[in-house]
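The following report describes one protein chain, with attention to its sheets, its strand pairing and the exposure of selected residues.

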Amino acid sequence: MHLTGACLCGAVAYEFDHQPGDVADICHCAQCRRASGAAALPWVQVPPSRFRVTSGTPKGFASSPQATRWFCGDCGTPLYMTDHEGHSVGITLGSLDQPEAVQPTVHGWVCEQVSWFSPPASLPRYDRAPPYDQ
Ligand SMILES: [Zn+2]
Ligand SMILES: [Zn+2]
């Protein structure tokens, strides 16, 4: 499946081929939490040969000796992550043009999961803005 994605302002865009069996992990690690500002960050992992930036120049940050996180230097959207051995590219599911095209398959780093992030079905659910905005 050919998929595309982009940052919030549209300056950086990418494409990749998604194949059955690709791991799609919801990562609960502390680094993903800070990098995204969200409780957890969902990714899909593909070989570098199946991924390509199609427009713009993302900015890179070496978040560990082994990995670089790539994001839009203008709007800040986390886009993808590379490892220095070239094993895989992790692409953020939230930056996909069709975010439901890839279903997460596993949770990662649950040892660092924030305790309040286990979405209980009993909480009220709002299609759009919750009451604070009304
Ligand atoms: Zn941008
Ligand atoms: Zn992580």
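**The segment after β10**

Ala129 belongs to the segment that follows β10. In this predicted model, Ala129 has 8 other C-beta atoms within 10 Å and is therefore exposed, since the limit for that class is 12 or fewer. Ala129 lies 34 residues from Ser95 in sequence, and the C-alpha atoms of the two residues are 21 Å apart in space.

**Overall architecture**

The chain contains 1 helix and 10 strands. Their order along the sequence is β-β-β-α-β-β-β-β-β-β-β. The radius of gyration is 15 Å, close to the 14 Å given by the globule rule for 134 residues, so the chain is as compact as a globular protein of that length.

Taken along the principal axes, the C-alpha atoms fill a box of roughly 45 × 30 × 30 Å. Of the 134 residues in the chain, 25% are buried. When contacts between residues at least 6 apart in sequence are considered, 59% of them join residues at least 24 apart.

**The sheet of 7 strands**

Seven strands form an open sheet with mixed pairing, in the order β6-β7-β8-β9-β4-β3-β10. Its edges are taken by β6 (59-64) and β10 (106-108); each has a single partner strand, so one side of each is left without a neighbour in the sheet. From one strand to the next, the twist averages 30 degrees.

Within this order, β8 and β9 are adjacent. Strand β8 covers residues 78-83 and strand β9 covers residues 89-92; the two run antiparallel and are joined by 3 bridges. Across this pairing, Tyr80 stands opposite Ile91 of β9.

**The sheet of 3 strands**

An open sheet of 3 strands is also present, with the order β1-β2-β5 and antiparallel pairing. Its edge strands are β1 (2-6) and β5, each of which pairs on one side only. The twist in this sheet averages 25 degrees from one strand to the next.

Strand β2 (residues 13-17) and β5 run antiparallel and are connected by 4 bridges. Two pairs of residues illustrate the register: Tyr14 stands opposite Val53 in β5, and Glu15 has Arg52 of β5 as its bridge partner.

How many residues of strand β5 are buried? Strand β5 comprises the 5 residues 51-55, and the number buried is 0, so the strand lies largely in the open. For a residue to count as buried, 20 or more other C-beta atoms must lie within 10 Å of its own. The open position of β5 accompanies its place as an edge strand of this sheet.

**The helix**

Helix α1 spans residues 30-36 and includes Ala30. Is Ala30 buried, exposed or partly exposed? Ala30 has 13 C-beta neighbours inside 10 Å and therefore counts as partly exposed, because that class lies between the limit of 12 or fewer for exposed residues and that of 20 or more for buried ones.

Ala30 can also be related to a residue further along the chain. Ala40 is 10 residues away from Ala30 in sequence, and a distance of 8.6 Å separates their C-alpha atoms.

Conventions:
Residues numbered from 1 in each chain as written. Chains lettered and ligands numbered in written order. Predicted model: local features only at pLDDT ≥ 70, side-chain atom pairs only at ≥ 80, totals over all residues. Pairing = 2+ DSSP bridges. Axes fitted to C-alpha atoms, helices over the stretch in contact; angles between N-to-C directions. Rg over C-alpha atoms; globule rule 2.2 N^0.38 Å. Contact = placed C-beta atoms within 7 Å.
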